[in-house]
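Hello,

Here is the structure I promised to pass on to you. Please have it open while you read the notes underneath.

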Amino acid sequence: MKGFDSYLRRAQIDEWREHYVDYAALKDRLHAYAKRRRALQNDHSLLAQELAKNTSATDYRLQDGEVDEDETDLEDMLHQLSLMERSEFRLQLQQELHKSTVWYH
């Protein structure tokens, strides 16, 4: 998508720059998630530590009745990580959209 990135840079108006959605930051966040996921999938103890250090990790635990009996601890932890990443990314995306929405209105 280099063409899109360069088009956005060329089309920007300096006075409006602070109100633009920062696509690069969103893209960087997704790349960071992928990098972290690759590292954590190779080291299960690191995955457990990552979930434990996140103070809201308990918010991402599966509800009773949702756990498949065949699901392993690793699958549960990866599911928790996915929910955590989704929530974090959604928050960042909402913040980006808010700054452009406030400017528009």
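Below is what I found when going through the helices and their contacts.

One thing to keep in mind from the start: this is a predicted model.

**The overall picture**

The chain has four helices and zero strands, so from the N terminus on its elements simply run α-α-α-α. Of the 105 residues in the chain, 21% are buried. If you take the contacts between residues at least 6 apart in sequence, 75% of them join residues at least 24 apart.

**H1 and H2: an aromatic pair**

The count of aromatic pairs comes to one. The partners are Phe4 and Tyr23, arranged edge-to-face, with 6.2 Å from centre to centre and 75° between the planes. An angle over 60 degrees is what earns the pair that label. Phe4 belongs to helix H1 (residues 2-11) and Tyr23 to helix H2 (residues 23-42), so the pair ties together parts that are 19 residues apart in sequence.

Are these two rings buried or exposed? Phe4 is partly exposed, at 36% relative accessible area, and Tyr23 is also partly exposed, with a relative accessibility of 44%.

**H2 against H3**

Helices H2 and H3 pack with their axes 5 Å apart, at an angle of about 125°. That makes H2 oblique to H3. On the H2 side, the contact is made by Arg36, Leu40, Gln41 and Asn42, while H3 brings in His44, Leu46, Leu47 and Glu50. By type, the residues of this contact divide into three nonpolar, three polar and two charged.

**The two sides of H3**

Which residues of H3 are buried? In this helix (residues 44-53), they are Leu47, Glu50 and Leu51. Seen down the axis of H3, these buried residues fall within an arc of 95°, so they line one face of the helix. The spacing is easy to follow, because an α-helix has 3.6 residues a turn and residues three or four places apart point the same way.

On the other side of H3 you will find Gln49, Ala52 and Lys53, which are exposed. It is worth looking at Leu47 and Glu50 once more in the viewer: both are among the buried residues of H3, and both also take part in the contact with H2.

Happy to go through any of this with you on screen.

Best wishes

How values were computed:
Residues are numbered from 1 along each chain as its sequence is written. This is a predicted model: local features need pLDDT of at least 70, side-chain atom pairs count only at pLDDT 80 or more; totals for chains, interfaces and linings use all residues. Side-chain values use heavy atoms; hydrogens and water are left out. Buried means under 20% relative accessible area, exposed over 50%, partly exposed in between (1.4 Å probe, protein chains only). The arc is that of the directions from the helix axis to the C-beta atoms. Rings of Phe, Tyr and Trp (its six-membered ring) pair if their centres lie within 6.5 Å; planes under 30 degrees apart count as stacked, over 60 as edge-to-face and the rest as tilted. Axes are lines fitted to C-alpha atoms, for helices over the stretch in contact, and angles run from 0 to 180 degrees between N-to-C directions. Angles under 35 degrees count as roughly parallel, over 145 as roughly antiparallel, 65 to 115 as roughly perpendicular and the rest as oblique. Contact means heavy atoms within 4.5 Å. Ala, Val, Leu, Ile, Met, Phe, Trp, Tyr, Cys and Pro count as nonpolar, Asp, Glu, Lys and Arg as charged, and the others, Gly among them, as polar.
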